[in-house]
Amino acid sequence: MDKFKFFMPTDTFFGRGCILANKEVFSSLGSKAMLVTGRNSAKKNGVQKDVTEALDALNIPWVLFDEVGENPDVETVERAAKMAVSQKADFMIGIGGGSPMDAAKAIAVLAANPEKSSDILFTEPKAKAMAVVEIPTTAGTGSEVTQYSIITIHEKRTKRSIVQKVFAKVSFLDPKYMDGLSAEITNNTAVDALSHLIESYLSVNANYMSDKIVEMGLSLFKDCMPALKLRAYTEEVRDKLMLASAFAGVAIAQSGTSIPHCLGYFLTYEKDIPHGRANGMVTRAYLELFPKEDQKVAQLLHCLDMNNTEEMGEFLNEVLNISETFTVEEISYYTDRTMESPQKLATFPYAVKKEDIFKVYEKSLLS
Ligand code: NAP
Ligand code: FE
């Protein structure tokens, strides 16, 4: 068996009601919290109330930054970090989908280094960060158990991960906050989790342990596939989706993501296509980049009870209801942009050329 390293330092609580049942863990993280949320959902689904009730019971003061939009940009995290510094907050609680959770990590770095500019997010891997708690309300990005924080850089017309590895100290996984999540967001985000499972499994950076975790994640995901198709979700399905997403996060924390994430970032930036959906749109063609005889692809499809990549394509079309249209000029531009940063392509186990990337976009977006 090959040698490998495995790292996952986040204290993780799972289950309905897990925040209030374990609230004492907030006491060890700092003296004043900043809650980092999106504009609406945290207020509606009960999570903000549970967190503030826990903090109030422990006499931990808190401030709220509730202006994180989808795909948070550098300007937003800069603004929040200034508020954290002026309010003397010394730990972050990211609450929501991947956008507020990722923003909380970047804010934790900037607020811990108030004398430095936001450039450090992309230049100083060793910059310190305040403690972070993450509470996912989508399933999802897995940001609650990964070291990544994906931030939009308008100057570069794309999204990049910050260079610091900011794992949450604690994460609370309570699926009840997703009970009212729309079918559209549920399916788009579930496909993000699926893409993490797939990209981790097929990456050159996968290892024995990340593969076993992916296989468990795929098994949970498979159980949810009928509900995703029907767009009707029981509590059990919500629980399994949240766990599949966390397993997928633990896996990409080891291996990173791969080609679909790289290609998807341009669809999100240029066409506002939600992140998970963007990955899902290119996934079948990505799988078809592998030689037909690739055993790992066969094993992956087997884990989902699929016989071939067409079945994967049909599943993704059904759950995403893909209808966006593109031009050849657009996909040529995305292809050129993809080739500018070839690091993600290096995670693919075979040589990939520019024509291959164009073909993935063409098959996915023009046919
Ligand atoms: P999101 O951008 O965080 O949220 C999408 C929408 O869902 C928002 O309108 C949000 O509303 C709403 N929402 C969230 N939870 C809800 C709930 N429980 N009920 C009702 N509405 C809810 O979406 P996401 O797909 O979870 O996150 C995408 C981001 O994560 C991208 O920036 C992506 O690059 C990043 N990402 C990070 C990692 C990582 O490892 N760190 C991995 C993959 C993706 P509000 O705005 O009102 O809250
Ligand atoms: Fe993702």
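Domain bounds in this text come from an automatic or database domain assignment. The structure is a predicted model, in which local features need pLDDT of at least 70 and side-chain atom pairs count only at pLDDT 80 or more, whereas totals for chains, interfaces and linings use all residues. Residues are numbered from 1 along each chain as its sequence is written, chains are lettered from A and ligands numbered from 1 in the order in which they are written, and side-chain values use heavy atoms, with hydrogens and water left out.

Q: Into which domains is the protein divided, and how do you know that they are in contact?
A: The assignment gives domain 1 (11–178) and domain 2 (183–365), and their C-alpha centres lie 25 Å apart. Contact requires heavy atoms within 4.5 Å, and by that criterion 26 residues of domain 1 meet 28 residues of domain 2.

Q: Why is ligand 1 said to lie between the domains?
A: Residues of both domain 1 (11–178) and domain 2 (183–365) take part in the shell around ligand 1, and the ligand is therefore placed between them. A residue belongs to the surroundings if one of its heavy atoms lies within 4 Å of the molecule, and 27 residues surround ligand 1 in this way, the closest being Ser41, Ser99, Asp102, Thr137 and Thr138.

Q: What makes the pairs that ligand 1 forms with asparagine 71, serine 99 and serine 143 polar contacts?
A: A polar contact is a pair of N or O atoms within 3.5 Å; within protein, one atom must be able to donate a hydrogen and the other to accept it, and residues adjacent in sequence count only if both atoms are side-chain atoms. An oxygen atom of ligand 1 lies 3.2 Å from a side-chain N or O atom of asparagine 71, an oxygen atom of the ligand is 2.6 Å from such an atom of serine 99, and a nitrogen atom of the ligand is 3.3 Å from one in the side chain of serine 143. Each of these distances falls within the limit, so the three pairs qualify.

Q: How much of the area that ligand 1 exposes when taken alone does the protein bury?
A: The isolated ligand exposes 940 Å², of which the protein buries 87%; accessible areas come from the Shrake-Rupley method with a 1.4 Å probe, and for residues only the protein chains shown count as cover. Two elements, α5 (98–112) and α7 (183–201), each give two or more residues to the shell around ligand 1, helices being DSSP runs of H or I with at least four residues and strands runs of E with at least two, numbered from the N terminus.

Q: Why is arginine 337 called buried?
A: Buried means under 20% relative accessible area, exposed over 50%, and partly exposed in between (1.4 Å probe, protein chains only). Arginine 337 has 9% relative accessibility and therefore counts as buried. This residue sits in helix α14 (residues 328–340) and, leaving out residues up to four places away in sequence, touches Lys156, Arg157, Thr158 and Phe266.

Q: Why does threonine 158 count as buried?
A: Threonine 158 has a relative accessible area of 4%, and for that reason it is classed as buried. The residue belongs to strand β7 (residues 158–161), and its contacts beyond four places in sequence include Tyr265, Phe266 and Arg337.

Q: Why is isoleucine 93 called buried?
A: The relative accessibility of isoleucine 93 is 0%, so this residue of strand β4 (residues 91–96) counts as buried. Its contacts beyond four places in sequence include Phe26, Leu35, Val51 and Ile135.

Q: Why is aspartate 305 called exposed, and where is it found?
A: Aspartate 305 has a relative accessible area of 57%, which means that it is exposed, and it is found in the loop between α12 (295–303) and α13 (309–320). Its phi is positive, near 60°, although the residue is not glycine.

Q: Why does asparagine 321 count as exposed?
A: At 54% relative accessibility, asparagine 321 therefore counts as exposed. It is found in the loop between α13 and α14, with a positive phi of about 55° in a residue that is not a glycine.
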